[in-house]
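Colleague: Could we go through this model together, beginning with how its helices pack?

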Amino acid sequence: MLAGLLVLAGGLVVIEQLPTRYSTTSTISFAPRSQPNVSADVIELVANKYAVVAASTTSVASAAAAASVTRAELRDALSISVEANTANLDIAVSLANARAAATAANTIAAAVNRAAADDQLIAGEITARADPVSAQLQPSRSLLRVIAVAAALLVAGWVSFAARQISRRAGRPQ
């Protein structure tokens, strides 16, 4: 029992010491501008082109300045992806401050949207802006707490089992 309590206490202390990060996402959707016969594959390819624009030094630098973080910090916190079989570009930022994360994601989305404004093939639209109020807390503290409790129960069970086995081999009553 003592071993399980020690593991639980240690786990909870470590969990509470983990740095808190807030993750927000802005989404830009692309669609054909004036040519209805543009295939979905072409639109997805062009969306990938704008993923490169989103990750560019210029976009990251302007977003870092707007969010009051360093470019290196933002680059490490930035995730850009095009959802499979869609023309949606997701710009996710995970920082210690929810407002800064949302500002950075929205600034990059605005830069991509401006770049797409002159594209004659497709039109881009920011369909979901990052919102600091709905930022996801990372890592999930409740999930980590459940894992700590499970680990504590597992250790307590193992120690109890080992103690019984040692007691049996020594010929002592249980």
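Colleague: Is the crossing of α2 and α5 left-handed or right-handed?

Modeller: This is a predicted model, in which local features need pLDDT of at least 70, side-chain atom pairs count only at pLDDT 80 or more, and totals for chains, interfaces and linings use all residues. Residues are numbered from 1 along each chain as its sequence is written, and side-chain values use heavy atoms, with hydrogens and water left out. Helices are DSSP runs (H or I, at least four residues), numbered from the N terminus. A crossing is left-handed if the near helix is turned anticlockwise from the far one by less than a right angle, and right-handed if clockwise; that of α2 and α5 is right-handed.

Colleague: Which residues of α2 and α5 make the contact?

Modeller: Contact here means heavy atoms within 4.5 Å. From α5 come Ile108, Val112, Ala115 and Ala116, and from α2 come Tyr50, Val53 and Ala54.

Colleague: Why does the salt bridge of Lys49 and Asp119 tie together separate parts, and how many residues apart are they in sequence?

Modeller: A salt bridge needs a side-chain nitrogen of Lys or Arg within 4 Å of a carboxyl oxygen of Asp or Glu, and the side chains of Lys49 and Asp119 meet at 3.7 Å, N to O. Lys49 belongs to helix α2 whereas Asp119 sits in the loop between α5 and β4, so the parts that this pair ties together are apart in sequence by 70 residues.

Colleague: Does Asp119 count as buried or exposed?

Modeller: Buried means under 20% relative accessible area, exposed over 50%, and partly exposed in between (1.4 Å probe, protein chains only). Lys49, at 45% relative accessibility, counts as partly exposed, whereas Asp119, at 12%, counts as buried.

Technical notes. Helices (H or I, at least four residues) and strands (E, at least two) are DSSP runs, numbered from the N terminus.
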